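Biologist: I would like a close look at one part of this chain, with enough of the whole to place it. Please take it step by step.

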Amino acid sequence: TVGYELYPLLQKRGLRIPQDVSIAGFTGLVPPQGCSQLTSVRAPFERMGAAAVQRLFNRLSQPDESAYHIQFGCEFVKGETTGPPAKQ
């Protein structure tokens with residue numbers, strides 16, 4: 001994930017995570033060696049892909065069907081890479 005690639009680059013520039021900069025992710029992956037767990041959400045990508053394929057088949061068979069939204073719940077992954085909001 002990009003967050004784990006960004007982590008060492010920011011550290012090389014002298015930035016402290018999360019004291020100076022926060023990093024958040026969207027996969028919930030296990031961190032590589034030398035990185036802390038990203039604060040993240042784990043999305044149900046397999047279910048999302050299956051729903052997209054099903055939606056495509058439905059649209060092919062019923063092209064006049066109205067558009068609609070599908071929502072999927074995500075799991076919060078508590079990490080060590082986000083700090084408190086900046087003071088205004």
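How many helices and strands are there in the chain? And what does serine 40 in strand S2 touch, not counting residues up to four places away in sequence?

Modeller: This is a predicted model. The chain has 2 helices and 3 strands, and their order along the sequence is α-β-β-α-β. Strand S2 covers residues 39–42, and serine 40 is found in that strand.

Begin with the whole chain. A compact globule of 88 residues would have a radius of gyration near 12 Å, whereas this chain has 18 Å. Along the principal axes, the C-alpha atoms fill a box of roughly 55 × 35 × 20 Å. Of the 88 residues, 24% count as buried. The chain exposes about 6900 Å², and carbon and sulfur atoms supply 57% of that area. Among contacts with a separation of 6 or more, 60% are between residues 24 or more positions apart.

Now serine 40 itself. Serine 40 counts as buried because its relative accessibility is 4%, which is under the 20% cut-off. Leaving out residues up to four places away in sequence, serine 40 touches two runs of residues: Gly25, Phe26, Thr27 and Gly28, and also Glu75, Phe76 and Val77. Within the earlier run, phenylalanine 26 is 14 residues from serine 40 along the chain, and their C-alpha atoms are separated by 5.3 Å.

Glycine 25 shows the contact from the other side. Glycine 25 is in strand S1, which covers residues 24–25. With neighbours within four places left aside, glycine 25 is in contact with Leu38, Thr39, Ser40 and Val41. Valine 77, which also touches serine 40, is 52 residues from glycine 25 in sequence, yet the two are 9.2 Å apart in space, C-alpha to C-alpha.

After S1 comes the loop that leads to S2, and leucine 29 lies in it. Leucine 29 counts as partly exposed because its relative accessibility is 42%. Apart from residues up to four places away in sequence, leucine 29 touches Thr1, Tyr4 and Gln37. Leucine 29 and valine 77 are 48 residues apart in sequence and 9.2 Å apart in space, C-alpha to C-alpha.

Helix H2 spans residues 45–61, and phenylalanine 45 is in it. With a relative accessible area of 43%, phenylalanine 45 is partly exposed. Phenylalanine 45 touches Phe26 and Thr27, again not counting residues up to four places away, and both of these residues also touch serine 40. Between phenylalanine 45 and glycine 25 there are 14 Å in space, C-alpha to C-alpha, and the two are 20 residues apart in sequence.

The nonpolar core comes next. The largest one has 7 residues: Tyr4, Tyr7, Leu10, Ile17, Ile23, Cys35 and Leu38. Nonpolar side chains tend to be buried together in soluble globular proteins. Two of the core residues have come up already: Tyr4 touches leucine 29, and Leu38 is in contact with glycine 25. Isoleucine 17, another core member, is in contact with Tyr7, Leu10, Gln11, Ile23 and Thr81, its neighbours within four places left aside.

One peptide bond near this core residue deserves a note. The bond from isoleucine 17 to proline 18 is cis, with omega near 10 degrees. Most peptide bonds are trans. Proline 18 is found in the loop between helix H1 (2–12) and strand S1.

Note on methods
Residues numbered from 1 in each chain as written. Predicted model: local features only at pLDDT ≥ 70, side-chain atom pairs only at ≥ 80, totals over all residues. Heavy atoms only, no water. Rg over C-alpha atoms; globule rule 2.2 N^0.38 Å. Buried < 20%, exposed > 50% of the residue type's maximum accessible area, 1.4 Å probe, protein only. Contact = heavy atoms within 4.5 Å. Areas by Shrake-Rupley, 256 points an atom, 1.4 Å probe, with all protein chains shown as cover. Core = buried A, V, L, I, M, F, W, Y, C linked by side-chain atoms within 4.5 Å.
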